[in-house]
Structures are given as C-alpha cells and as structure tokens.
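User: I'd like to learn how to read a fold from its parts. Could you walk me through one, feature by feature?

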Amino acid sequence: MDKGILIVVSAPSGCGKGTILGEVLKDEKFYYSVSATTRSPRPGETDGVNYHFLGKEQFEELISKDGMLEYASYCGNYYGTPRDKVLEKINEGKNVILEIEVQGAMQIKKKCPEAVFVFIAPPSVSELRNRLVNRGTETAEVIEQRVSEAAQEIQHAYEYDYVVVNDDLQQAISDFKAVVRAEEIKTVNQKNIIDEVLKNA
C-alpha cells in the first residue's frame, strides 16, 4: 500500500482556509490532524475532535520523547501536533493535513522536509481587510491587528512549496487539489507502481 502525504497548510485569518479545507476533507483520502493542548476544554468542545486535551506533564513527556512534530507555548498553555497519529494515518495511505501557523510549519519543515507546504493567501491585503470587516465579528482595532499580522505572515509564503490564492473559492479548492495530485504522482511517490510495471516487462 502506498503511503499518504503530509500536507502542512498555513494562512492568515480571514483567507478562507477553513472553507477550502472543509471541501477538500469531504474526500476520504484526506485526514485532518487534530492538535493537542494543555488548556481546558471550552463549552461545546470535544476531546479528539477540537483538540486532544492533555495534562501538562503528559504533554512535556511527549516533548522529551520527541513525540511532537511541533509545539509552542501560548498564554501559559502548550499547543502541538502529536507525531504518532500523523505517522499512523500516513502509513494507512491517508493524506494528512496539518492546519498550522507559520512558526509551527517551520518546525515541521526541519523534521519532515518531505512534507508538502501550502500557503493560502488573499488576493490582496486590502481585500483581506474587506473580508474581515464584512464578517462583522471583530472591532476595527482587532481587524487592523489581524491585517498587520497577516502582512507579516505573508512574507513567509516564500518558504512554502505552493501558494494558493483564494480570490475565487472554487478555483482555490481546485488549485489545492491539483497541488496534492501533482505530489501524489511524483516519481518518489510512485515507486511501487514503477516496480509493478517493471515486474511485467
């Protein structure tokens, strides 16, 4: 059985990343990696769905045993990606999607250089601002903070393998799927098929 691909996805807030991935994940060959955290569950959150909720000692033990692909500390809590589940799903032939911020993505790039790194970008910073305003969920001050952060994140797009611009949603979904398909048929991922063809030569 062929292994799946590790796909690391980053995007500034408001780029429509969740909508794109929601469509992609309707295909059963994809698996969404659930992050782990030491913070307490919020009302309505489910362990294993929203996060894997771990104790601080448990999380730190995983760190010491290299059981995290990446992790960070934020507001007194740890957040990270457990290694075992990701590898398990890849070995099952699933394409594993990690939705992660830039800092974590760069950690994974050092540990898993074979992973595919996709940055989802807005067509422009002004369009991103418009989308955040139209959401109507945040104050003007928070929106400007998010726009500023987005501009800084977009500078890191050069460190990714692919950039998908979410101008037209259906085109962005199509582009994302095209990236994955291109990776699936790379020679390095087609060794089993090549060996099978040569067997019958």
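Analyst: Happy to; we will go through the sheet, the cores, some single residues and then the open spaces. Please keep in mind that this is a predicted model.

User: Let's begin with the sheet. In what order do the strands of the open sheet stand, and is the pairing parallel or antiparallel?

Analyst: With a sheet, read the strand order across it, then the direction of each pairing. Here five strands make an open sheet, ordered 2-7-1-8-9, and they pair in parallel. The edges belong to strand 2 (30-32) and strand 9 (162-165); each has a single partner strand, so one side of each has no neighbour in the sheet. From one strand to the next, the twist averages 25°.

User: How many bridges join strand 2 and strand 7?

Analyst: Bridges tell you which residues face each other across a pairing. Strand 2 and strand 7 (residues 95-99) are joined in the parallel sense by three bridges. Phe30 is opposite Asn95 of strand 7, and Tyr31 is opposite Val96 of that strand. On to strand 1: its parallel pairing with strand 7 runs over four bridges, and Leu6 has Val96 as its bridge partner in strand 7. So Val96 is a good residue to click on, as it is opposite Tyr31 and is also the bridge partner of Leu6.

User: Is strand 7 mostly covered or mostly open?

Analyst: For that, look at how many of its residues are buried. Four of the five residues in strand 7 are buried, which makes the strand mostly covered. You can also look at what lies across it: helix 3 (residues 83-91) lies across strand 1, strand 2 and strand 7, and runs at about 150° to strand 7.

User: Now the inside. Which residues touch the most other members of the largest nonpolar core?

Analyst: For a core, ask who its best-connected members are, then which elements supply them. The largest nonpolar core has 24 residues, and the members touching the most others are Ile7, Val9, Ile20, Ile97, Val118, Ile120 and Phe176. Two or more residues each come from strand 1 (6-10), helix 1 (17-24), strand 8 (116-121), helix 5 (125-135), helix 6 (140-154) and helix 7 (169-184). Helix 7 provides the largest share, five residues. There is also a second, separate core of 20 residues, with Val8, Ala115, Phe117 and Tyr160 among them.

User: Which residues is Ile120 in contact with, beyond its neighbours within four places in sequence?

Analyst: A contact list shows what a core member packs against. Beyond those close sequence neighbours, Ile120 contacts Val9, Ser10, Ala11, Pro12, Cys15, Lys17, Ile20, Val164 and Asn166.

User: Ser10 is on that list. Is Ser10 buried or exposed?

Analyst: Relative accessible area is the value to check. Ser10, in strand 1, has a relative accessible area of 0%, so it is buried. Not counting residues up to four places away in sequence, it touches Lys17, Ile100, Glu101, Val102, Ala105, Val118, Phe119, Ile120 and Tyr160.

User: And which residues does Ile100 contact?

Analyst: Ile100 sits in the loop between strand 7 and helix 4. Its relative accessibility is 9%, so this loop residue counts as buried. Setting aside neighbours within four places in sequence, Ile100 contacts Val8, Val9, Ser10, Glu70, Thr81, Ala105 and Ile108. For contrast, try Lys110 in helix 4: with 76% relative accessibility, Lys110 counts as exposed.

User: Last topic: open space. How many residues line the largest pocket, and which lie nearest its centre?

Analyst: For a pocket, take the volume, then the lining. The largest pocket holds about 1,100 Å³ of space. Its lining has 29 residues, and Tyr51, Tyr79, Glu99, Ile100 and Glu101 lie nearest the centre. Strand 5 (68-74), strand 6 (77-82), strand 7, helix 4 (102-111) and helix 6 each give two or more residues to that lining. Helix 6 gives the most, five residues.

User: What lines the largest cavity?

Analyst: A cavity, unlike a pocket, has no way out for the probe. Searching the whole structure gives one cavity of 30 Å³ or more, and the largest cavity has a volume of about 30 Å³. Its lining is made up of Tyr31, Ser33, Val34, His52, Pro82, Lys85 and Val86. You have met Tyr31 already, opposite Val96 in strand 7.

Notes: Residues are numbered from 1 along each chain as its sequence is written. This is a predicted model: local features need pLDDT of at least 70, side-chain atom pairs count only at pLDDT 80 or more; totals for chains, interfaces and linings use all residues. Side-chain values use heavy atoms; hydrogens and water are left out. A nonpolar core is a set of buried Ala, Val, Leu, Ile, Met, Phe, Trp, Tyr and Cys residues joined through side-chain atoms within 4.5 Å. Buried means under 20% relative accessible area, exposed over 50%, partly exposed in between (1.4 Å probe, protein chains only). Contact means heavy atoms within 4.5 Å. Two strands pair if DSSP finds at least two bridges between them. Axes are lines fitted to C-alpha atoms, for helices over the stretch in contact, and angles run from 0 to 180 degrees between N-to-C directions. On a 1 Å grid over the protein atoms alone, a cavity is a set of points where a 1.4 Å probe fits but cannot get out, and a pocket is an open set with protein on both sides within 12 Å along at least five of seven lines; lining residues have an atom within 4 Å of a point. Grid points are joined across faces, edges and corners, and a volume is the space filled by probe spheres set on the points.
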